[in-house]
Amino acid sequence: MNIKTRQLHDDEMLETLYALNSYSLHPSPPFQNKDEWTGIVRERKGMNCHSVFEDGIPLSVAVSTPMTQNIRGKLFPASGVWGVSTHPSGRRKGYCRRAMGAVLSADHDSGKAFTNLYPFRESFYERLGYVSFPVTKIAKLTPASLAPLLKMETGGEIEMKLIGEAFDAYRDYLTGMREHTHGMAFFDYEDRARANRNL
């Protein structure tokens with residue numbers, strides 16, 4: 001058996017991601033619309049994708065995309081890990097760990113100080129060094145106590161828009177929030193393809 005881990009680019013990356021992600025991360029059949037998926041993923045600039053091949057067949061894949069993250073008031077280059085998936089015939093062989101290791105190593109070499117992901121199973125990613133964000137604190141109050149706010153003049157105006165037409169204002173708002181919000185991060189690419197579906 002010949003096992004290789006290597007970086008993927010361009011069409012090979014898209015084909016491998018589409019096949020493994022569609023099976024592993026989305027309800028199937030049917031697979032999601034390939035043209036729509038490809039249009040969204042092509043916008044993600046600077047992707048770092050690695051796959052583990054068994055006898056020339058890609059069985060596990062992981063990918064990251066550049067982000068910028070606020071850590072204690074300072075902005076750092078970071079990445080968001082996504083699309084981590086393994087074909088059933090490649091499971092329990094350490095392939096996912098190998099693909100993740102290759103992505104994390106390449107991110108580190110390119111100067112990324114942090115990586116972020118939403119885990120499907122926290123225990124797996126804890127073994128790779130990830131920790132969970134602290135549990136969100138929830139405050140409960142009765143709506144009646146907010147009644148005086150209805151009579152308060154706050155100035156300004158509220159306007160409802162779809163994300164596609166308000167994307168620049170939305171992006172500017174996030175950028176301002178990230179300047180002073182510890183832990184906040186978002187992708188460096190603008191994700192206009194997804195937003196423009198909602199014009």
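The paragraphs below go through the fold of this predicted model, then its largest pocket, and then a charged patch on its surface.

The chain is built from 6 helices and 6 strands, and these elements follow one another along the sequence in the pattern β-α-α-β-β-β-α-β-α-α-β-α. Taken along its principal axes, the C-alpha trace of the chain spans about 75 × 35 × 35 Å.

Within this fold, the largest pocket holds about 1600 Å³ of space, and its lining is made up of 46 residues. Those that lie nearest the centre of the pocket are N116, L117, Y118, P119 and Y125. Several elements contribute to this lining: helix 1 (10-25), strand 3 (57-71), strand 4 (74-86), helix 3 (95-109), strand 5 (114-116), helix 4 and strand 6 (185-187) each supply at least two of its residues. Which element gives the largest share of the lining? That share, 7 residues, comes from strand 4.

Turning to the surface, one finds a patch of positive charge in which R92, R97, R121 and R127 gather. Of the residues in this patch, R127 is placed in the loop between helix 4 (122-126) and helix 5 (167-180), and helix 4 is also among the elements that supply at least two residues of the lining of the largest pocket.

Technical notes: Residues numbered from 1 in each chain as written. Predicted model: local features only at pLDDT ≥ 70, side-chain atom pairs only at ≥ 80, totals over all residues. Heavy atoms only, no water. Patch = residues over 30% accessible without salt bridge, like charges linked within 9 Å, V, L, I, M, F, W, Y side chains within 5 Å. Areas by Shrake-Rupley, 256 points an atom, 1.4 Å probe, with all protein chains shown as cover. Salt bridge = Lys/Arg side-chain N within 4 Å of Asp/Glu carboxyl O. Lys, Arg positive; Asp, Glu negative; His and termini not counted. Charge placed at Lys NZ, Arg CZ, Asp CG, Glu CD. Helix = DSSP H or I, 4+ residues; strand = E, 2+ residues; numbered from the N terminus. 1 Å grid on protein atoms, 1.4 Å probe; cavity = no way out; pocket = protein on both sides within 12 Å on 5 of 7 lines; lining within 4 Å. Points joined across faces, edges and corners; volume = space filled by probe spheres on them.
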